[in-house]
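Morning, everyone. I have one structure to walk through today. Please take a look at it before I start.

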Amino acid sequence: MKIAIAGSGALGCGFGYMMKKDGNDVTLIDFWDDHINAIKENGLSITVNGKEDNVIIPIGKPEEIKDTFDTVFIFTKSMGLRQMLEKIKHMLTEDTKVVCLLNGLGHAKTISEYIPQKNIIMGTTLWTGGIDAPGKTHFMGEGPVEVQNSDENEEEGTREVVKMMADCGLNGVYSQNVNFTTWRKACVNGTMNALCSLLDCNIKELFETSQIDQLNKKIVSEFSRVAETEGVHIDVEETVNYLKGTAEKVGEHYPSMHQDLKNKRLTEIDFLNGEVAKQAEAKGFEAPYSQLITQLIHAKEDILGIKR
Ligand code: NAD
């Protein structure tokens with residue numbers, strides 16, 4: 001399978017490495033000069049679950065890459081998705097499958113502007129990763145990577161992608177309801193990710209506050225109401241309990257949005273609480289908690305001098 005990784009940061013490098021090590025033809029695509037040059041000169045240095053390795057893997061900017069691909073995995077941040085799709089248009093054929101595992105909501109709609117519905121594979125992953133320096137990343141977990149084709153009649157092609165991910169140790173599984181998984185993950189990020197960022201605390205500290213139950217209930221209720229309009233049922237009480245269970249497991253961890261702000265990088269808030277507030281407004285109701293959280297995160301980005 002000829003694979004491109006469009007967006008080769010923490011997850012992109014982790015996925016690319018695992019697929020390349022298993023013998024797939026993998027090309028990394030990115031915009032970040034220092035990172036690209038480091039990988040071109042020294043290969044990709046990566047630590048997977050504590051084990052260090054180095055792999056020689058092709059990498060370039062979109063304009064440098066003339067090939068077309070069977071499968072493209074997108075690993076930009078949410079706000080980089082459209083720009084990346086624009087830049088890689090020449091690499092997509094009428095059969096290229098695009099796999100999107102980004103956090104956030106509304107991505108399938110954006111991708112559908114570039115490729116037919118039958119070729120869109122949406123999913124979520126529990127793998128985590130980070131960038132230690134240009135050309136040096138780490139990747140952790142055991143998966144799974146849950147994916148489902150956007151067109152239910154096109155399961156077969158997606159099953160090949162699932163098999164490839166299972167073979168290379170990424171633990172790919174075919175999901176029966178990826179929309180539910182995506183919304184549930186958005187509930188996690190829209191509560192603990194956003195609130196830890198605003199309160200400048202870790203997840204354990206957040207869940208020790210007197211306000212957490214009420215905040216989670218209010219935010220999840222808004223997400224649930226919008227999800228329902230898309231035919232996805234999010235049970236508020238069950239989700240709030242799920243959040244508690246997740247928080248107990250991860251403990252003193254600072255979520256990714258907190259780290260984005262610390263590193264003076266733009267957050268994905270517009271594709272989480274921001275998207276819920278936007279969709280609610282478009283559908284004629286209000287999502288005041290999501291709206292306020294989005295505005296406060298943007299205000300924080302402004303204070304930190306982060307450009308949108
Ligand atoms: P990332 O920030 O590591 O990489 C995204 C893009 O930003 C890449 O193109 C990368 O090269 C670029 N980039 C990163 N640091 C840069 C810098 N200092 N200068 C210039 N460019 C830079 O993103 P990620 O963590 O791989 O996340 C990709 C998507 O996957 C997001 O939607 C994220 O929410 C989701 N996700 C991430 C994790 C995780 O643990 N990292 C887990 C689950 C889902």
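Of the 308 residues in this chain, 52% are buried. Keep in mind that this is a predicted model. Buried here means under 20% relative accessible area. The accessible surface comes to about 14,500 Å². Carbon and sulfur atoms hold 48% of that surface.

Now the overall build. The chain has twelve helices and twelve strands. Its radius of gyration is 19 Å, and the globule rule gives 19 Å for 308 residues, so the chain is as compact as a globular protein of that length. Along the principal axes, the C-alpha trace spans about 50 × 40 × 35 Å.

How much of the contacting comes from residues far along the sequence? Take the contacts with a separation of 6 or more: residues 24 or more positions apart account for 70% of them.

Next, a sheet. This one is open and has four strands. What is the strand order? Reading across, we get E4, E3, E10, E9. The pairing is mixed. Which strands sit at the edges? Strand E4, residues 51-55, is one edge, and strand E9, residues 128-133, is the other. Each of them pairs on one side only. From one strand to the next, the twist averages 25°.

A quick reminder on sheets in general. Strands pair through backbone hydrogen bonds, and the pairing is either parallel or antiparallel.

Let's zoom in on E9 and its partner. Strand E10 covers residues 136-140. E9 and E10 run antiparallel, joined by five bridges. Within this pair, Gly130 stands opposite His138 in E10.

What lies across this sheet? Helix H1, residues 10-21, lies across E3, E4, E9 and E10. Strand E3 is residues 44-48, and H1 runs at about 90° to it.

Last stop: one residue, Ala280. You will find Ala280 in helix H11, which covers residues 273-282. Is Ala280 buried or exposed? Its relative accessible area is 0%. The cut-off for buried is under 20%, so Ala280 is buried.

Which residues does Ala280 touch? Leaving out residues up to four places away in sequence, Ala280 touches Val226, Phe285, Glu286 and Ala287. Now look at Glu222. Ala280 and Glu222 are 58 residues apart in sequence. In space, their C-alpha atoms are 8.2 Å apart.

To recap the stops: a chain with 52% of its residues buried, an open sheet of four strands, helix H1 lying across that sheet's strands, and Ala280, buried in helix H11. Thanks for listening.

Note on methods
Residues numbered from 1 in each chain as written. Predicted model: local features only at pLDDT ≥ 70, side-chain atom pairs only at ≥ 80, totals over all residues. Heavy atoms only, no water. Pairing = 2+ DSSP bridges. Helix = DSSP H or I, 4+ residues; strand = E, 2+ residues; numbered from the N terminus. Axes fitted to C-alpha atoms, helices over the stretch in contact; angles between N-to-C directions. Contact = heavy atoms within 4.5 Å. Rg over C-alpha atoms; globule rule 2.2 N^0.38 Å. Buried < 20%, exposed > 50% of the residue type's maximum accessible area, 1.4 Å probe, protein only. Areas by Shrake-Rupley, 256 points an atom, 1.4 Å probe, with all protein chains shown as cover.
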